[in-house]
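Open the model in your viewer and keep the sequence panel beside it. The tour below goes from one selection to the next and says what is found at each stop.

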Amino acid sequence: MDLLGWVIFLVALLFSVMLHETGHFVTAKKFGMKATRYFVGFGPTLWSTRRGETEYGIKALPLGGFVKIIGMHSLDEVDDPADEPRSFRSHPAWQRIVVLCAGSFMHFVLAFVLIFGLALGIGISNENATQLGTVSTCVAANTTQLNNGTCTASDPASPAKLAGLRVGDQVTAFNGKPVSNWTQLGDAILKAPAGSTAEITVKRDGKTLTLHATLATVSGRSGAYLGIAPAVVFQTVNPVRAAQYAGSAFGQVLAGSFKALGALPGAVTKLFSQDRGSTAGGQVIGVVGAAEATGSAVAANVGWQYKVSFVLLLIASLNIFVGIFNMLPLLPLDGGHVAVVVWERIRARFARLRRRPDPGLVDMAKLLPVSFSVFAILMLFSIVLILADIVNPVNIAG
């Protein structure tokens with residue numbers, strides 16, 4: 001575990017929480033709602049100060065945060081009846097929906113800004129070049145060891161190592177056929193017969209070398225195995241290209257997040273399986289898993305560009321996922337409260353059509369059992385996920 005990586009992740013997580021609550025707070029104030037508290041963390045108060053009608057503070061457990069807007073629902077008592085017009089429930093439905101969605105919106109904004117800043121400041125990674133970034137030392141016994149990058153004393157040396165390939169070599173041809181990108185090189189290796197001798201032409205320190213390797217196989221993996229991986233090359237871009245890249249990457253993560261949400265039921269049963277990384281269970285990690293991945297990336301023997309890129313993309317991805325998850329129509333999530341507001345408006349519309357009085361606010365007392373049940377399930381899943389990340393971690397940092 002790398003302590004610096006953990007600190008970076010936890011600070012980023014806390015910042016995300018603050019932005020989430022800031023979204024609720026700013027929009028509520030904009031619409032004239034009364035927000036009496038803005039706190040980071042839970043539990044005992046460590047520090048607080050009052051500015052106008054709002055108390056700002058920090059609590060002992062940095063596990064989240066909250067904004068207190070008066071009169072959130074039918075069960076929320078307003079201390080001063082004169083403040084009722086400024087309560088959340090007294091405002092138009094569209095304003096309440098905006099306030100509820102503002103938290104997730106801030107997660108999306110943060111994710112886009114991080115990806116945009118990454119592309120503009122560090123560059124877009126290109127893993128399709130033929131420059132070698134990794135030369136494996138062994139032929140793994142199976143795909144699990146291969147994916148984990150582990151070797152044992154009994155594993156034979158990799159063909160790449162025996163051939164004398166080095167990190168930084170640029171492969172220009174394989175078996176006499178020129179290759180200009182990693183896709184071409186990878187396809188050529190996989191199609192070559194296992195056990196055959198391959199001729200590999202590389203450029204090293206301005207010189208052209210021809211090396212020979214006897215290709216191997218890995219149990220459970222189709223095709224021949226050489227034991228190389230591409231270097232990550234970062235190419236800086238202009239603001240327009242950075243915005244295009246951020247939009248494309250955001251869309252990909254968004255689609256992946258929806259897919260991960262759909263796979264959640266099946267992932268639960270795979271969290272503790274030996275092959276978790278290759279199942280739906282490997283697509284879901286918790287706070288511990290993400291922090292461990294950040295720590296591993298920071299501690300890895302790679303360039304600073306890769307480290308920063310990995311951490312920023314991880315934080316952006318988690319913010320997108322949290323933003324989507326928070327909008328699920330389940331109480332006590334913000335999306336559940338949005339669903340309540342929408343149902344109130346639908347119910348009011350039908351009442352008008354039938355020339356009956358507006359039934360008003362939903363009785364939240366009737367929804368409390370549902371809210372507590374969902375909360376309990378979420379807490380249980382979070383605990384199980386933390387345990388899985390501790391005893392059966394997934395190596396997402398490579």
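Select Tyr38 first. In this predicted model, Tyr38 counts as buried because its relative accessibility is 12%, and the cut-off for buried is under 20%. Now add Phe25 to the selection. Phe25 is buried as well, with a relative accessible area of 11%.

How do the rings of Phe25 and Tyr38 meet, edge-to-face or stacked? Two values are needed to say so: a pair of aromatic rings is described by the distance of the centres and the angle of the planes. For Phe25 and Tyr38 the centres are 5.4 Å apart and the planes stand at 70°, which makes the pair edge-to-face. The pair links distant parts of the chain, with Phe25 in helix H1 (residues 3–30) and Tyr38 in strand S1 (residues 35–51), 13 residues apart. Add Tyr56 to see the cluster: Phe25, Tyr38 and Tyr56 form one aromatic cluster. In the structure as a whole there are nine aromatic pairs.

Next, go to helix H2, which covers residues 93–121, and pick Arg96 within it. Is Arg96 buried or exposed? Arg96 is buried, because its relative accessible area is 5% and anything under 20% counts as buried. To see what lies around Arg96, show its contacts, leaving out residues up to four places away in sequence. Arg96 then touches Met33, Phe88, Arg89, His91, Val341, Glu344, Arg345 and Leu361. Draw a distance from the C-alpha atom of Arg96 to that of Val338: the two are separated by 8.0 Å, although their positions lie 242 residues apart along the chain.

Move on to helix H6 (residues 239–268) and select Ala242. Ala242 counts as buried, with a relative accessibility of 0%. Which residues does Ala242 contact, apart from its neighbours within four places in sequence? They are Phe116, Ala119, Leu120 and Val237. For a longer line across the model, join the C-alpha atoms of Ala242 and Val78. These two are 164 residues apart along the chain, and their C-alpha atoms are separated by 48 Å.

Now select Ser371 in helix H10, which runs over residues 364–391. With a relative accessible area of 15%, Ser371 is buried. Its contacts, again without neighbours within four places in sequence, are Leu331 and Pro332. Stay with those two residues and look at the backbone that joins them. Is the peptide bond from Leu331 to Pro332 cis or trans? The bond is cis, with omega near 10°. Pro332 is found in the loop between helix H8 (304–326) and helix H9 (334–353).

Two further loop residues are worth a stop for their backbone angles. Select Asp205, in the loop between strand S7 (197–204) and strand S8 (207–214). Asp205 has a positive phi of about 55° although it is not a glycine. Asp205 is exposed, because its relative accessible area is 74% and the cut-off for exposed is over 50%. Then select Arg355, which is found in the loop between H9 and H10. Arg355 is not a glycine either, yet its phi is positive, at about 55°. Its relative accessible area is 80%, and Arg355 is exposed.

Finally, clear the selection and zoom out to the chain. How many helices and strands does the chain have? There are 10 helices and 10 strands. Turn the model along its principal axes: the C-alpha atoms fill a box of roughly 85 × 50 × 45 Å. The chain has a radius of gyration of 27 Å, whereas a compact globule of 398 residues would have one near 21 Å.

Colour by burial, and 40% of the 398 residues count as buried. The accessible surface of the chain comes to about 21,200 Å², and carbon and sulfur atoms account for 62% of that surface. Colour by charge instead, and there are 32 positive and 23 negative side chains, with the centres of the two sets 6 Å apart. As a last view, show contacts between residues at least 6 apart in sequence; of these, 64% join residues at least 24 apart.

Terms used: Residues numbered from 1 in each chain as written. Heavy atoms only, no water. Helix = DSSP H or I, 4+ residues; strand = E, 2+ residues; numbered from the N terminus. Rg over C-alpha atoms; globule rule 2.2 N^0.38 Å. Buried < 20%, exposed > 50% of the residue type's maximum accessible area, 1.4 Å probe, protein only. Contact = heavy atoms within 4.5 Å. Areas by Shrake-Rupley, 256 points an atom, 1.4 Å probe, with all protein chains shown as cover. Lys, Arg positive; Asp, Glu negative; His and termini not counted. Charge placed at Lys NZ, Arg CZ, Asp CG, Glu CD. Phe/Tyr/Trp six-rings, centres within 6.5 Å; stacked < 30°, edge-to-face > 60°.
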